[in-house]
Amino acid sequence: MQQKRQIRLKMTKEKYLAQILKCPVCSKNGFTFEDGRTECASCGFKINKVNSALNFISAKESIEFSIIATDNVSANTSNGYIGYPAFDHVVSRGGWVLDCGAGSKQFTHPQLVQTEIAAYANIDILAVNQKLPFADDSFDLVISFDVLEHVNDPFISAEELKRVLKPGGILIADIPFLQAEHGYPHHYFNATRQGFLRLFEGLHVLTHFVPIAGQPIESLRQTMRHYNHHLPEQWRGRFLNLTVHEFIHREYNDWMHDPIVQFLKTEGRWEIASTTHGYLRKPSKELTTESVAVDFDASQIGESDTIFEDFELRTVSEQDLAKIAITKNKVSESEVPLTRKQHLILGIRHFAQLLPTPIKELLKKFRF
Ligand SMILES: [Zn+2]
């Protein structure tokens, strides 16, 4: 056992990769690294390099997974895995670590394999999360930080993370819950706590918690910042001077008359929407009975951009605002789609309910 451990510690990353890399063509494990060439040991398929990374993303996959040339994929300045004792635990015992979707880091390690879809200096393998080019049971520790919200099928990606993890190995993951839309390549799904656990079903949960960087105050702060950023300049003062008390106690329908709701820019509306709403049609086929809805005219359905036109408040003046704030809504709720404003109010309301009474009183005076 001791001898085996020493042999593993001496193994270079290249030698380990030669054993565990999985061929995208013949699906067999094992590659040769000779004279600067990396080839499948079974079928001879060659893997090219981009910078120092072996490129396992085919042209077909680039299209399938919407990958475009960029250097803007999670370009963060993280310095490695300080604060993650599992990393030290595993590498000090000669184990192997995979950071799947590592981003740009000033950190490498001889027993750490970093994958990404952009060839940063720290990246060993270019690969998509839905198709990892590694043999089953290859890594003692698999890390996936802020990645699964960006893959088009998080369940397939999670299965891949589980597949390449050795029996007894550890997976460390974090996935946003109440976070604004962000980041290339795409931001598809956020996860509730149940969603997180559903993704990793089959693994034994050692611990699952809200980290310091994920405190609810950050959800509120981020939403507020986005909201302010996407308001036209002239309405920001009004937004910034609202009190938490007003946010919590003003009725949702009354907000719909407010210029900070009407004039929020479209991009901001999407980034922090409480919910989105769509009409979709199943394509028609020959030789089938079509739905009576086939000739339904969808052109009359209002978009979130135009839904407010009925209010005729596009030219509202500052002087009218006091009246507007208490005007009763004349439009039925079914005509108004749920908006990020409702999301904002509900979020703050939930947050405030969790606070002790003296802090609730203090918050009433506090202005964002
Ligand atoms: Zn092959």
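Here are some worked exercises on a predicted model.

**Exercise 1. Get your bearings: how many helices and strands does the protein have, and what percentage of its residues count as buried?**

Start with the secondary structure, which comes to 15 helices and 10 strands. Next, take burial: of the 368 residues, 41% count as buried. Finally, look at sequence separation. If you keep the contacts with a separation of 6 or more, residues 24 or more positions apart account for 64% of them.

**Exercise 2. Work out the zinc site: which atoms are the protein donors, and what is their arrangement?**

Step one is to list the donors. They are the SG atoms of C23, C26, C40 and C43, and they lie 2.2 to 2.3 Å from the zinc ion.

Step two is the geometry. The 4 donor atoms subtend angles of 101 to 118 degrees around the zinc ion. Four donors count as tetrahedral if all angles lie between 85 and 135 degrees, so this arrangement is tetrahedral. For reference, the ideal angle for four tetrahedral donors is 109.5 degrees.

Step three is the pattern along the chain: the donors follow the spacing C-x2-C-x13-C-x2-C. Take C26 and C43 from that set. C26 sits in the loop between α2 (13–20) and β1 (31–34), while C43 sits in the loop between β2 (37–40) and β3 (46–47), so this pair ties together parts that are 17 residues apart in sequence.

Step four is accessibility. C26 counts as partly exposed, at 27% relative accessibility, and C43 is partly exposed too, at 38%.

One last check concerns disulfides: a search of the whole structure finds 0 of them.

**Exercise 3. Classify two aromatic pairs: what are the centre distances and plane angles for F31 with F56, and for F247 with W255?**

A pair of aromatic rings is described by the distance of the centres and the angle of the planes, so those are the values to pull out. In total, the count comes to 12 aromatic pairs.

Take F31 and F56 to begin with. Their ring centres are 5.8 Å apart and their planes are at 70 degrees, so the pair is edge-to-face; the cut-off for that class is over 60 degrees. F31 lies in strand β1 and F56 in the loop between β5 (53–55) and α3 (59–64), so the pair ties together parts that are 25 residues apart in sequence. F31 is buried, at 4% relative accessible area, and F56 is buried at 7%.

Now do F247 and W255. This pair is stacked, with 5.4 Å centre to centre and 25 degrees between the planes. F247 is buried at 0% relative accessible area, and W255 is buried at 0% as well. To put the pair in context, F247 and W255 belong to one aromatic cluster with Y227 and F239.

**Exercise 4. Follow the thread to N228: where does it lie, and what is it in contact with beyond its sequence neighbours?**

N228 lies in helix α7. Its relative accessible area is 18%, so it counts as buried; the cut-off is under 20%. Set aside the neighbours within four places in sequence, and N228 is in contact with R236, F239 and L240. Of these, F239 is one of the members of the aromatic cluster from the previous exercise.

**Exercise 5. Describe helix α5: how many of its residues are buried, what covers them, and which residue caps its N-terminal end?**

First, count. Helix α5 spans residues 154–164, and 8 of its 11 residues are buried, so call the helix mostly covered. The buried residues include P154, A158, L161 and V164.

Second, find the cover. It includes β6 (97–100), β9 (139–145), β10 (165–174) and α6 (193–199).

Third, check the cap. D153 caps the N-terminal end, with a side-chain oxygen 3.1 Å from the backbone nitrogen of F155.

**Exercise 6. Inspect two backbone oddities: what is phi at N51 and at D137, and is each residue buried, partly exposed or exposed?**

N51 has a positive phi near 55 degrees, and it is a residue other than glycine. N51 lies in the loop between β4 (49–50) and β5 and counts as exposed, at 59% relative accessibility.

D137 is not a glycine either, yet its phi is positive, at about 55 degrees. D137 lies in the loop between β8 (125–126) and β9 and counts as partly exposed, at 42%.

Note on methods:
Residues are numbered from 1 along each chain as its sequence is written. This is a predicted model: local features need pLDDT of at least 70, side-chain atom pairs count only at pLDDT 80 or more; totals for chains, interfaces and linings use all residues. Side-chain values use heavy atoms; hydrogens and water are left out. Buried means under 20% relative accessible area, exposed over 50%, partly exposed in between (1.4 Å probe, protein chains only). Helices (H or I, at least four residues) and strands (E, at least two) are DSSP runs, numbered from the N terminus. Contact means heavy atoms within 4.5 Å. A polar contact is a pair of N or O atoms within 3.5 Å; within protein, one must be able to donate a hydrogen and the other to accept it, and residues adjacent in sequence count only if both atoms are side-chain atoms. A disulfide is a pair of cysteine sulfur atoms within 2.5 Å. Donors are N, O and S atoms within 2.8 Å of the metal (3.2 Å for Na, K and Ca); water is not among the atoms, so sites may look incomplete. Four donors count as tetrahedral if all angles lie between 85 and 135 degrees; four count as square planar and six as octahedral if opposite donors are over 155 degrees apart and all others between 65 and 115; anything else is irregular. Rings of Phe, Tyr and Trp (its six-membered ring) pair if their centres lie within 6.5 Å; planes under 30 degrees apart count as stacked, over 60 as edge-to-face and the rest as tilted.
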